[in-house]
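Dear colleague,

Please find below the structure that I am handing over to you. A summary of what was found in it follows.

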Amino acid sequence: MAGLLHQILSGLATGGIYASVALALVMIYQATHHVNFAQGEMATFSTYLALMFINLGLPYWAAFVVTVVLSFALGVVIERVLMRPMANAPVLASVGVFIGLLLIFNASTGAIWDYTTKAFPTPFGDRPLLGGYISGHELGSTAVTLVVLLLVYVFFRYTRLGLAMRAAAYNPVSSRLVGVRVGWMLALGWGLAAAIGAVAGMMVAPIVFLDPNMMGGILLYAFAGALLGGITSPLGAVIGGFSVGVIENLAGAYIVGTELKLSLALVIIVAVLVIRPSGLMGRTIVARV
Amino acid sequence: MKLLEVVGLEAGYGPTTVLRGLDFEVAEGGVTTLLGANGAGKTTTLRAICGMIPVRGQITLAGQRIDGRATEDIVRAGIAHVPDGRGTFMELTVEENMRLGAYTRRDRQIRPDFERMFGYFPRLKQRFRQQAGTLSGGEQQMLAIARALLLRPKLLLLDEPSFGLAPLIVREIFEIMRRINSEDGVGILVVEQNANLALSFADRAYLLETGRIVRAGPADELGRDEAIRRAYLGY
């Protein structure tokens, strides 16, 4: 019983990371109808940036803030420079750019900071809490994730800019007609997604250790979470992310064992696509072709 | 004084030219209507003014050239467009649709303006928190006009405001458009299938046929024109 509770709690902790990355995926998907395959590698790159700042002597939270800001800027620049010219290109061309980005970020991370696995510090300590059910870092990273999700919610729900970003995603033509600069909203979406990814990277790195392929598996889980919740629904993505974290942990502990955990993400993806392609909370999109 | 002046406007979609050199104007505080059959180029003209398609020719708003500029900038210069299909943000609430209408504004008059819109369209107040996709066609048309007016435009472009609506609602909407025009001095360029309605509403009228203006003049004069009466008014 205690073991089960422990598995669920730590499943929620990693699920929070998946939820963040899933949210980043959904944000770009909503605006562009593309899934950014490079989201994970961009987050890894950001995490290395954070480690560099920490090694340069910056306090943890200062490095955290600087990394988030830089990642945001990087996301904006990528959209402006690389994605903008692809605005009217066929889907496969965009997919090509995403894969190119993935390879570029993966390779340059390895080239700049080398491929050896590195430890990443946590500001929360590793003391077991709540009678040993959850570690300080798990609790802290879950809290950070929840704060990020709450901020994103408040931003989209209550601010003028958040409203404009939603409008631009739903109906770009009408948005232009009320004066929204749709192109910049896309860039802003990329920036936010990159910033959220950076936070996710910094939160997961103390658990899985930092190496250039760190986010590969996590992106897969996050994608499963986004699909499970419905790729058109930000709230669904968050719930899906948490669910996948718990499912993964429970199945890993009691059913399939740790070696097969990652294939579980693929099983979830295939199952969702077969049984309910719109996910738990998503809309069905109908397109004329 | 001319609010909008269009000279030699040409536009189209890809290789297809739709507008073949239009000249027309909207007077300061005036109402101009473009008449014509389906496919004459009325909707295309409004899109061209808003920079939604590439154009050649000169478009001047209150003395300022706006042709070739981005839609967002043309909107910020003071043109609000109620597009065909009404352009409702279906997934958002009525309130959010209205907030988007005032997106470019930073002044403190936005809330009072909301109240003004509720004065024109009381139904929007009843539906304020409702998802806009659940509104009826007439309500969406009211929302579209409110959204456009919240921009505080100098010129309002209306694309077939009567389309698909019950006669009673059409009358209500045109009544309000007239008030907006006379009280706030907003210039209006309206495209209509219902020529009778448009001619009684406008002070200036142009008749479009396959991308060219074939008749122009004061609205009442065009309303008396034999050929127009027979072809477009049906009597």
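Chain B has an average pLDDT, the predictor's confidence in each residue from 0 to 100, of 91, and 99% of its residues score at least 70. The model as a whole scores ipTM 0.91 and pTM 0.86. This is a predicted model, in which local features need pLDDT of at least 70 and side-chain atom pairs count only at pLDDT 80 or more, while totals for chains, interfaces and linings use all residues. Residues are numbered from 1 along each chain as its sequence is written, and chains are lettered from A and ligands numbered from 1 in the order in which they are written.

Chain A contains 11 helices and two strands; helices (H or I, at least four residues) and strands (E, at least two) are DSSP runs, numbered from the N terminus. Their order from the N terminus is α-α-α-α-β-β-α-α-α-α-α-α-α. The radius of gyration of chain A, taken over C-alpha atoms, is 19 Å, close to the 19 Å that the globule rule (2.2 Å times the number of residues to the power 0.38) gives for 289 residues, so chain A is as compact as a globular protein of that length. Of these 289 residues, 49% are buried, meaning that 20 or more other C-beta atoms, placed from the backbone, lie within 10 Å of the residue's own.

Helix H3 of chain A covers residues 60-83. Its 24 residues should span 34 Å at 1.5 Å a residue (1.5 Å times one less than the number of residues), and the end C-alpha atoms are 32 Å apart, which agrees. Buried residues of H3(A) include A:Phe64, A:Val68, A:Phe72 and A:Met83. The buried residues of this helix pack against helix H2 (39-55), helix H4 (91-113) and helix H8 (182-208) of chain A.

The contact between the chains (C-beta atoms, placed from the backbone, within 7 Å) takes 19 residues from chain B and 15 residues from chain A. On the side of chain B that touches chain A, helix H2 (71-77) and helix H3 (94-101) of chain B each supply at least two residues.

The largest nonpolar core (buried Ala, Val, Leu, Ile, Met, Phe, Trp, Tyr and Cys residues joined through C-beta atoms within 7 Å) has 159 residues, of which A:Val21, A:Ala22, A:Leu23 and B:Leu157 touch the most other members. H8(A) gives the most to this core, with 18 residues. Not counting residues up to four places away in sequence, the residues that B:Leu157 touches include B:Leu46, B:Ile49, B:Val82 and B:Leu189.

With kind regards

Notes: Buried ≥ 20, exposed ≤ 12 C-beta atoms within 10 Å, placed from the backbone. Contact = placed C-beta atoms within 7 Å.
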